[in-house]
Amino acid sequence: MKLFIDSANLDHIREIHGWGILAGVTTNPSLIAKEGGDFLQTVHDICELVRGPVSAEVVAQDVDGMVEEGRLLAKVHEEVVVKVPLIEAGLAATRVLSSEGIKVNVTLCFNATQALYAALAGATYISPFLGRLDDIGASGIDLIEEIVQIYANNPDISTQVLAASIRHPGHLIQSAMAGAHVATVPYKVFKQSVKHPLTDRGNQGFLDDWATVPDRDIVGQVQRWLSSRVV
Ligand code: E4P
């Protein structure tokens with residue numbers, strides 16, 4: 001499973017990208033509004049930084065408007081994936097944009113039928129929202145499992161399941177186990193899930209023990225060792 005970050009904050013994206021595990025980014029109008037910068041400049045900067053798929057969402061609610069916005073957003077950077085909402089107009093716009101070779105992430109998916117429609121319309125990604133389903137007492141992970149199975153049953157479908165609305169590290173692991181192709185993860189969840197108290201305690205224990213060694217300079221030791229072997 002690939003990992004995207006769900007953010008429009010360049011500092012956060014840069015930090016997680018620095019871990020070497022990031023394959024792409026998803027944004028949405030709420031995340032862009034929260035950062036307050038210029039929309040297109042932000043999208044362009046993220047694309048340049050990550051050099052992987054970056055979802056940028058249309059806000060038009062009619063087919064022509066979505067297609068027009070989608071075509072223009074795709075010109076901002078070659079890494080842009082046009083994000084459209086899973087409404088009737090969004091499916092029609094997905095068909096038009098995908099037939100022009102523009103990658104589309106169909107977002108706000110809450111049932112398996114919607115996911116099937118998006119795939120048949122040519123979506124590159126389908127984004128089922130785990131957290132928002134859990135919030136209403138449904139099971140986001142059950143939906144991921146259903147979509148993965150439906151797509152696997154239909155070899156003609158190449159749409160990737162992009163687990164979204166991830167709220168905690170458990171969602172991330174459950175998505176991977178359910179066979180999602182991608183999970184888009186908020187910065188906070190990346191930071192939570194990298195930490196474990198036993199890692200910190202073990203690391204400190206190694207450092208404490210190493211502090212008792214007389215020559216602790218590994219770089220110097222290796223350089224001397226290598227030069228002593230040069231013939
Ligand atoms: C995905 O593309 C969405 O931007 C995001 O995952 C929504 O998450 P939320 O439900 O936490 O707002």
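The legends below describe close-up views of a predicted model.

**View 1. The shell around the ligand.** Residues that surround the ligand, each with a heavy atom within 4 Å of it, are Asp 6, Thr 26, Asn 28, Lys 83, Phe 129, Arg 132, Ala 164, Ser 165 and Arg 167. By residue class, this shell divides into two nonpolar, three polar and four charged residues, where Asp, Glu, Lys and Arg count as charged, Ala, Val, Leu, Ile, Met, Phe, Trp, Tyr, Cys and Pro as nonpolar, and the others as polar.

**View 2. Polar contacts to the ligand.** Oxygen atoms of the ligand lie 2.6 Å from a polar side-chain atom of Lys 83, 2.7 Å from one of Asn 28 and 3.1 Å from one of Arg 167, a polar contact being a pair of N or O atoms within 3.5 Å. Of the 340 Å² of accessible area that the ligand has on its own, the protein covers 86% (Shrake-Rupley method, 1.4 Å probe).

**View 3. Two cysteines.** Cys 47 is buried at a relative accessible area of 0%, and Cys 109 is likewise buried at 0%, where buried means under 20% relative accessible area with a 1.4 Å probe and protein chains only.

**Notes.** Residues are numbered from 1 along each chain as its sequence is written. Local features need pLDDT of at least 70 and side-chain atom pairs pLDDT 80 or more, while totals for chains, interfaces and linings use all residues, and side-chain values use heavy atoms, without hydrogens and water.

Definitions and conventions: A polar contact is a pair of N or O atoms within 3.5 Å; within protein, one must be able to donate a hydrogen and the other to accept it, and residues adjacent in sequence count only if both atoms are side-chain atoms. Buried means under 20% relative accessible area, exposed over 50%, partly exposed in between (1.4 Å probe, protein chains only).
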